Amino acid sequence: MSNSPVTLLGLGAMGKALATAFLTGGHPTTVWNRTPGKAEPLVALGATAAAGAAEAVAANELVVVCLLDYASVRDVLGPVAGALRGRTLVNLTNGTPAQAREMAEWVAAQGAAYLDGGIMAIPPGIGTEHAFLLYSGDQGAFDTHRPVLERLGRAHFLGRDAGLAPLFDIALLSGMSGMIAGALHAFALVGTENVAATEFGPMLQGWITAMTIGIPLYAEQIDSGDYAHGVVSNVGMQAAAYVNLIRAAEDQGISPELIAPLKPLMDRRVAAGHAHEDLSGLVELLRK
């Protein structure tokens with residue numbers, strides 16, 4: 001398995017990074033992209049460029065696909081579905097749990113094993129110690145091909161439900177997006193007084209890093225449903241202070257729209273009699 005061959009469909013920025021990691025890891029790699037010219041740098045590294053998707057799929061037992069969206073995956077694989085039989089398809093295309101489950105059913109109907117995946121890295125991080133990837137679906141396929149998949153980054157198998165990898169992927173990206181939204185707002189705020197972002201950045205980074213210490217407590221509270229356990233700064237106090245975050249932004253002439261959505265949720269939670277509890281209790285308002 002150390003030098004098992006692999007096929008990669010899709011040579012965008014991430015696809016190129018995936019192919020490069022396979023090649024540098026010693027795996028004979030067949031590549032294909034709708035725009036043939038994108039394969040040239042990889043061919044120079046030793047990859048084999050397939051003339052078409054069917055040829056690429058037929059070349060190896062392990063087929064990895066990384067395209068724009070699930071519709072693109074179906075557009076590419078639909079016409080060559082017969083070539084999938086007996087193979088393992090690893091779909092590293094970003095999507096939703098529902099899309100992954102639907103894809104898993106379709107791939108199974110073609111007689112192939114299916115793994116859905118989530119890439120927790122940017123292209124330059126692929127193949128480094130900083131990258132990790134999430135997988136779910138056919139556990140036998142994961143166990144068989146894990147040594148190859150580990151070339152891309154640490155591989156985490158989440159379960160047989162193909163929807164789990166995209167669920168975790170989207171959840172992690174959502175957490176990151178909230179952090180970035182807050183950081184951008186903070187930069188905009190200090191910038192109104194001509195504070196350089198590079199001056200403020202290290203302090204912001206240190207503060208955000210320190211605040212992540214509360215995540216394990218939030219997790220315990222959410223799992224137990226006891227949002228009053230271990231409270232340091234209750235939601236009632238935070239709701240009262242949050243008014244100033246909105247007011248300061250408006251006074252400084254910047255839009256509060258990146259941080260404003262949290263305020264009505266906090267107010268609703270307080271109004272419902274949960275002022276003494278932690279901020280983690282807001283998850284109850286997000287559940288339909």
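What follows is a walk through the fold, the main pocket and a handful of residues of a predicted model.

A word on bookkeeping comes before the results. Residues are numbered from 1 along each chain as its sequence is written, and side-chain values use heavy atoms, with hydrogens and water left out. As this is a predicted model, local features need pLDDT of at least 70 and side-chain atom pairs count only at pLDDT 80 or more, while totals for chains, interfaces and linings use all residues.

Starting with the overall fold, the chain holds twelve helices and eight strands; both are DSSP runs numbered from the N terminus, with helices being H or I over at least four residues and strands E over at least two. The C-alpha trace spans about 65 × 45 × 30 Å along its principal axes. Of the 288 residues, 41% are buried, where buried means under 20% relative accessible area, exposed over 50% and partly exposed in between, using a 1.4 Å probe and protein chains only. Contacts (heavy atoms within 4.5 Å) reach well along the sequence: among those with a separation of 6 or more, 62% join residues 24 or more positions apart.

On the outside, the accessible surface adds up to about 14600 Å², and carbon and sulfur atoms own 60% of that. These areas come from the Shrake-Rupley method with a 1.4 Å probe, and for residues only the protein chains shown count as cover. As for charge, the chain carries 17 positive and 26 negative charges, and their mean positions sit 6 Å apart. Here Lys and Arg are the positives and Asp and Glu the negatives, with His and the chain ends not counted; each charge is placed at NZ of Lys, CZ of Arg, CG of Asp or CD of Glu.

Next comes the pocket search. Rolling a probe the size of a water molecule over the atoms shows where empty space is left. On a 1 Å grid over the protein atoms alone, a pocket is an open set of points where a 1.4 Å probe fits, with protein on both sides within 12 Å along at least five of seven lines, and its lining residues have an atom within 4 Å of a point. The largest pocket comes out at about 2200 Å³; grid points are joined across faces, edges and corners, and the volume is the space filled by probe spheres set on the points. Its lining runs to 45 residues, with G178, M179, Y218, L262 and L279 nearest the centre. Helix 7 (164-191) puts in the largest share, eleven residues. At least two lining residues each also come from helix 8 (197-211), helix 9 (215-224), helix 10 (235-251), helix 11 (262-274) and helix 12 (283-286).

Two of those helices can be looked at residue by residue. K263 belongs to helix 11 and counts as buried because its relative accessibility is 16%. Setting aside residues up to four places away in sequence, K263 touches A239, Y242 and V243. G236, in helix 10, is in contact with V270 and A275 once neighbours within four places are left out. From G236 to M203 the C-alpha distance is 27 Å, at a sequence gap of 33 residues.

Helix 5 (residues 97-109) offers M103 and A104. M103 is buried, as its relative accessibility is 2%, and beyond four places in sequence it touches Y70, V73, R74, N91 and Y114. A104 also counts as buried, at 19%, and with the same four-place exclusion it touches Y114 and A162. The C-alpha atoms of M103 and L279 are 37 Å apart, across 176 residues of chain, whereas those of A104 and L89 are separated by 9.4 Å across 15 residues.

Among the strands, strand 2 (residues 29-32) holds T30, which is buried at 9% relative accessibility. Apart from residues up to four places away, T30 touches V6, T7, L8, T48, A50, A56, A59 and N60.

Finally, two exposed residues. E40 lies in helix 2 (residues 40-44) and counts as exposed because its relative accessibility is 57%; its C-alpha is 29 Å from that of L134, 94 residues away in sequence. N194 occupies the loop between helix 7 and helix 8 and is exposed at 74%. Most residues other than glycine have a negative phi. N194 has a positive one, near 60°.
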